[in-house]
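Colleague: I am new to reading protein models and would like to go through one with you, feature by feature. Could we begin with how strands are joined to one another?

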Amino acid sequence: MWYFDSGATSHMSSNYSTLSHTVPSRYPTPCSIVVGNGSLLPVTSTGNTDLAPNLRLTNVLFSPY
């Protein structure tokens, strides 16, 4: 399931199987995601995901937490 936030800086996922063309996280990709309580979640890789035939998200941040 995806929740959209049009004001977000990046797209994120904790489900690795939704991503394709993944690569290990590297600069300038953020190395962590700040969540509502101020905690940091590590970004371990980035990838792409197709939500519909004409809707692809690129550089989706993956954090397993």
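Modeller: Two strands are said to pair if DSSP finds at least two bridges between them. Keep in mind that this is a predicted model. With that rule in hand, look at β5 and strand β6 (residues 55-62), which run antiparallel and are joined by 6 bridges. These strands, β5 and β6, form a hairpin with 2 residues between them.

Colleague: What are the elements of the protein, going from the N terminus on?

Modeller: The elements run β-β-β-β-β-β, and the secondary structure comes to 0 helices and 6 strands.

Colleague: Which order do the strands of the open sheet have?

Modeller: The open sheet has 4 strands in the order β1-β6-β5-β2, and its pairing is mixed. The strands β1 and β2 stand at the edges with a single partner strand each, so one side of each is left without a neighbour in the sheet. To see the mixed pairing, go through the sheet strand by strand: β1 and β6 pair in the parallel sense over 2 bridges, whereas strand β2 (residues 20-24) and strand β5 (residues 45-52) run antiparallel and are joined by 3 bridges.

Colleague: Which residues stand opposite T46 in β5 and opposite M12?

Modeller: V23 stands opposite T46 in β5, and T46 also has L61 in β6 as a bridge partner. L61 in β6 in turn stands opposite M12, and following these residues from one to the next is a helpful way to trace the sheet on the screen.

Colleague: How should I read a pair of aromatic rings?

Modeller: A pair of aromatic rings is described by the distance of the centres and the angle of the planes. The count in this model comes to 1 aromatic pair. The rings of Y16 and F62 have their centres 5.1 Å apart and their planes at 70°, so the pair is edge-to-face; planes over 60 degrees apart count as such. This pair links distant parts of the chain, since Y16 lies in the loop between β1 (12-13) and β2 while F62 lies in strand β6, 46 residues apart.

Colleague: Is F62 buried or exposed?

Modeller: Buried means under 20% relative accessible area, and because F62 has a relative accessible area of 9%, F62 is buried. Its ring partner reads otherwise, for Y16 has 42% relative accessibility and therefore counts as partly exposed.

Colleague: What does the side chain of S13 reach at 3.0 Å?

Modeller: The side chain of S13 reaches the backbone nitrogen of N15 at that distance, and it makes a polar contact with the side chain of T18 at 3.4 Å. S13 lies in strand β1 and counts as buried, because its relative accessibility is 11%. Leaving aside neighbours within four places in sequence, S13 is in contact with several residues, including W2, V60, L61 and F62.

Colleague: What radius of gyration does the protein have, and what would a compact globule have?

Modeller: A compact globule with 65 residues would have a radius of gyration near 11 Å, and the protein has 12 Å, which agrees. Along its principal axes the C-alpha trace spans about 35 × 25 × 20 Å. Buried residues make up 22% of the 65 residues, and the accessible surface comes to about 4,800 Å², of which 55% belongs to carbon and sulfur atoms. Among the contacts with a separation of 6 or more, 42% are accounted for by residues 24 or more positions apart.

Methods. Residues numbered from 1 in each chain as written. Predicted model: local features only at pLDDT ≥ 70, side-chain atom pairs only at ≥ 80, totals over all residues. Heavy atoms only, no water. Rg over C-alpha atoms; globule rule 2.2 N^0.38 Å. Buried < 20%, exposed > 50% of the residue type's maximum accessible area, 1.4 Å probe, protein only. Contact = heavy atoms within 4.5 Å. Areas by Shrake-Rupley, 256 points an atom, 1.4 Å probe, with all protein chains shown as cover. Phe/Tyr/Trp six-rings, centres within 6.5 Å; stacked < 30°, edge-to-face > 60°. Polar contact = N/O pair within 3.5 Å; in protein donor to acceptor, adjacent residues only side chain to side chain.
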